[in-house]
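Biologist: I would like to learn how to read a model like this one. Please take me through it feature by feature.

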Amino acid sequence: MLSAKVSNQTRKAVYARDGYRCALCDSTKYIQIHHLVKRSQGGSNSVQNLVTLCADCHALAHGIILNDGWEATPQDVEQALVEYLADYYAPDWNPWAVGP
Ligand SMILES: [Zn+2]
Ligand SMILES: [Zn+2]
């Protein structure tokens, strides 16, 4: 059974790994935790499935465009985040693995 929320400990570990910056734009404002693989799609609360995003990039990742300047789609964001996390965890990395 997956726990519902990211623990404070995990959240801090993800922020620390990412240097308290957005993984996409390096902003340090309003940083938030994002699940690469959505919880509804079986994504875990592991640091290997979590990434730091600023509020704007987080909105973009969820398809909510806040800034007219952005050309990226949620798919572009996902691809960038896959590459970002793969730099840390590949080759033994599969956030899409189904299981405990
Ligand atoms: Zn950002
Ligand atoms: Zn998110």
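Biologist: Start with β2. Which of its residues are buried, and on which side does each lie?

Modeller: First, remember that this is a predicted model. For a strand, check the two faces separately. In β2, Leu50 and Thr52 are buried on one side. Val51 and Leu53 are buried on the other. Both faces of β2 are therefore covered, since 20 or more C-beta neighbours within 10 Å count as buried.

Biologist: How does β2 pair with β1, parallel or antiparallel?

Modeller: Antiparallel, over four bridges. β1 runs over residues 32-35. For one bridge, look at Ile33: its partner in β2 is Thr52.

Biologist: What is the order of elements along the sequence?

Modeller: The pattern is α-β-β-α-α. That gives three helices and two strands.

Biologist: How far can I trust the elements? Which has the lowest mean pLDDT, and which the highest?

Modeller: Begin with the general caution. Where pLDDT is low, predicted coordinates should not be read in detail. Here the protein has a mean pLDDT of 89, and 88% of its residues reach 70 or more. Among the elements, α2 has the lowest mean, 92, and β2 the highest, 98.

Biologist: Now the interior. Which residues touch the most other members of the largest nonpolar core?

Modeller: The general idea comes first. In soluble globular proteins, nonpolar side chains tend to be buried together. In this model the largest nonpolar core has 18 residues. Cys22, Val51, Leu53 and Cys57 touch the most other members. The elements giving two or more residues to this core are β2 (50-53), α2 (55-61) and α3 (74-89).

Biologist: Take Cys22. What is it in contact with, beyond its neighbours within four places in sequence?

Modeller: Cys22 contacts Ser27, Ile31, Thr52, Leu53, Cys54 and Cys57. Note Thr52 and Leu53 in that list; both are buried residues of β2.

Biologist: Next, α3. Which of its residues are buried?

Modeller: Val77, Leu81 and Leu85 are buried. They cover an arc of only 60° around the axis, so they sit on the same side of α3. The face turned away from that buried side carries exposed residues: Gln75, Gln79, Glu83, Ala86 and Asp87.

Biologist: What covers the buried residues of α3?

Modeller: The cover includes β2 and α2.

Biologist: What length should α3 span?

Modeller: Use 1.5 Å a residue. For the 16 residues of α3 the expected span is 22 Å. The end C-alpha atoms are 22 Å apart, which agrees.

Biologist: Now the loop between α1 and β1. Is Asp18 buried or exposed there?

Modeller: Count its neighbours. Asp18 has 21 C-beta neighbours inside 10 Å, so it counts as buried. Asp18 lies in that loop. Leaving aside neighbours within four places, Asp18 contacts Ala23, Val51 and Thr52. Asp18 and Tyr84 are 66 residues apart in sequence, yet 10.0 Å apart in space, C-alpha to C-alpha.

Biologist: How does Arg21 count, with how many C-beta neighbours?

Modeller: Arg21 has 16 C-beta neighbours inside 10 Å, so it counts as partly exposed. Arg21 is found in the loop between α1 and β1. Not counting residues up to four places away, Arg21 touches Asp26, Ser27, Thr28 and Thr52. Its C-alpha atom is separated by 7.5 Å from that of Cys54, 33 residues apart along the chain.

Biologist: Backbone angles next. What is the phi of Tyr20?

Modeller: Know the background. Most residues other than glycine have a negative phi, and most peptide bonds are trans. Tyr20 has a positive phi of about 60°. Tyr20 is exposed, with 12 other C-beta atoms within 10 Å. Tyr30 also has a positive phi, about 50°. With 12 C-beta neighbours inside 10 Å, Tyr30 counts as exposed. Tyr20 lies in the loop between α1 and β1, and so does Tyr30.

Biologist: Which residues does the cis peptide bond join?

Modeller: Ala90 and Pro91, with omega about 5°. Pro91 lies in the segment after α3.

Biologist: And the whole protein? What share of its residues is buried?

Modeller: Buried residues make up 26% of the 100. Then check contact range. Among contacts between residues at least 6 apart in sequence, 58% join residues at least 24 apart.

Conventions:
Residues are numbered from 1 along each chain as its sequence is written. Chains are lettered from A and ligands numbered from 1 in the order in which they are written. This is a predicted model: local features need pLDDT of at least 70, side-chain atom pairs count only at pLDDT 80 or more; totals for chains, interfaces and linings use all residues. A nonpolar core is a set of buried Ala, Val, Leu, Ile, Met, Phe, Trp, Tyr and Cys residues joined through C-beta atoms within 7 Å. Two residues are in contact if their C-beta atoms, placed from the backbone, lie within 7 Å. Two strands pair if DSSP finds at least two bridges between them. The expected span of a helix is 1.5 Å times one less than its number of residues. The arc is that of the directions from the helix axis to the C-beta atoms. pLDDT is the predictor's confidence in each residue, from 0 to 100.
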